[in-house]
Amino acid sequence: MKALEFLNVTFGYEKEPVIENVSLTVEKGDFFGIVGPNGAGKSTLLKLAAGLAKPWSGKIMVFGKENVKAGKKIGYVPQKPPSEKRFPATVSEIVAMGLKPFPSWKGMERWQKEKVDRILMEVGLEEKKDEMVGNLSGGQLQRVLLAKALVGEPELLLLDEPTNDIDAAFQEKFCCLLERIHESGTTIVLVSHDLTFMSYLVNKVACINKRVYFCGKAASLADAEGIRGAYGHDVKIIKHRHPHE
Amino acid sequence: MIEILEYEFMKSAFLAGSIVAIACSLIGTFVILRRMAFLTDGIAHFSLAGTATAIVTRSSTFGWALASAIAGAFMIEKIRKAFRLSEDAAIGIILPLGLSAGILILSAAKASSVEISAYLFGSIFAIAKDELALIALFGATAILLTAYLHRHFLAICYDEEGSKAAGMNVDFYNTAFVMIVGMTTALCIKVSGILLTSSLIVMPASAALQLNCGFKKTVLAACTIGILSVWFGILASYYIGVPTGAATTLLSFSMLLASAAAKKSLK
């Protein structure tokens, strides 16, 4: 079954298109990576998938439905975590914002509290649940956003540069966390400019720069001719153990 | 202190001031979090056009102020989208536009300067019974709506894109938010005046946010600061004859400084 499908999608913010005639298919259960140089339209592609922008032309389908009608199946983690240092909410209150159904104005029900606690444990933040969100480090904040997206039990998880604020020491733990989420049956689409990180993690990858230059198995990315076309020069990928091989 | 409550106008002032302070502090918390403080100023100034129309036509000033405040809020959004401008630029267009329209209407009708000044700086001691009823009705509506929708507002403040992607009808909640801001701004006009509206919406919430505590504690602190500021303004005005709006604003600002200092000393 197709989890996400781009059918000849063209979109731009001003007159010039950022992506042009992009067609891509992500199958259910895929761990799909989107790579490309800066300004290639990777984040735009993810925003379109999440229904945050309307394509100029073409169609985007999520589990066979138009993406704007599939919001309840989508979890989206933005590239830049909100940076308001004095945001008046605790970690568990932020995670609860991703619950479906949304908590009533009176507060969370017991099952909702338990679910939030469970997800926080999964991302390793159970001890921070009563901490004010503004007091967290960049890496912790990224995990909070991931927990917020996961607590709604999305079938399709869209992650935009999730390792941007994470230090190298935690990156491997974060990768393991993403692998666990994938193994539990969630389809993941991940955008990153970090080819090494990507080649380690995903099983399929698309290399884009306004259009699709390569789409196939992650293992063959390093040898692909298309990657040179997208970046405009040779690209060296340091290969890691590939969990899907 | 008790004897002043024997006056009808004082009772009305305290009651109206408290309702408006709570409504403003509640919605003000979200206004600050969404970095829309200038929006309330823009809406308030734009509502002079409606207030001026009410003065000239001798109709309900609150009704006209409410309609023009909500219209102003939506016009800011329309201008922003139509001309692809930033929000502050759109507010920068709407603010003088409403002010100019108001001045033109008032000068054409040769309105008295006393009447104009009452709307520019507030006239909390001149609240008529029917106006008090309207303030109570719309104030309660704004408070209840904000309380009912606060979780959605908070989620949108924190991560608008994530909320939209997860299927939340963000446009609906944004429209509701703008309407509540418009309603609250119109409520402020009688209490603090058009020029000092943002002191009731922005300052108590800003002071409470300095404390860096959870949402419930923050709004509770904001409401307390708002109510105390208005009460102080009324008392200062009664006992030492200073303008209510200005005294309210100065106390709000003192509380902002005090809460920032308190937070710093606790670190």
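The points below concern a predicted model and the interface between its chains A and B.

1. Confidence comes before detail. The model scores ipTM 0.82 and pTM 0.86. For chain B the average pLDDT is 89, and 99% of the residues score at least 70. Where pLDDT is low, the predicted coordinates should not be read in detail.

2. How many residues of each chain take part in the contact? Chain A contributes 35 residues, and chain B contributes 27. Between them the two chains bury about 2,700 Å², with 59% of this area on carbon and sulfur atoms. Which residues of chain A lose the most area to chain B? They are A:Arg86, A:Pro88 and A:Trp105, which together make up 25% of what the chain A side buries.

3. Charged and polar pairs come next. Two salt bridges are found across the interface of chain A and chain B. A salt bridge joins the side chains of A:Lys148 and B:Asp159, with 3.1 Å from N to O. The count of residue pairs in polar contact between chain A and chain B is four, with both residues at pLDDT 80 or more.

4. The side of chain A that touches chain B can also be described by its elements. Strand E6 (74–77), helix H2 (91–96) and helix H4 (138–150) of chain A each supply at least two residues to that side. The largest share, three residues, comes from H4(A).

5. Last is the residue make-up. On the side of chain A that touches chain B, 19 residues are nonpolar, ten are charged and six are polar.

Notes. Residues are numbered from 1 along each chain as its sequence is written. Chains are lettered from A and ligands numbered from 1 in the order in which they are written. Side-chain values use heavy atoms; hydrogens and water are left out. pLDDT is the predictor's confidence in each residue, from 0 to 100. Contact means heavy atoms within 4.5 Å. Buried area is the accessible area (1.4 Å probe) that two parts lose on being put together, summed over both. A salt bridge is a side-chain nitrogen of Lys or Arg within 4 Å of a carboxyl oxygen of Asp or Glu. A polar contact is a pair of N or O atoms within 3.5 Å; within protein, one must be able to donate a hydrogen and the other to accept it, and residues adjacent in sequence count only if both atoms are side-chain atoms. Helices (H or I, at least four residues) and strands (E, at least two) are DSSP runs, numbered from the N terminus. Ala, Val, Leu, Ile, Met, Phe, Trp, Tyr, Cys and Pro count as nonpolar, Asp, Glu, Lys and Arg as charged, and the others, Gly among them, as polar.
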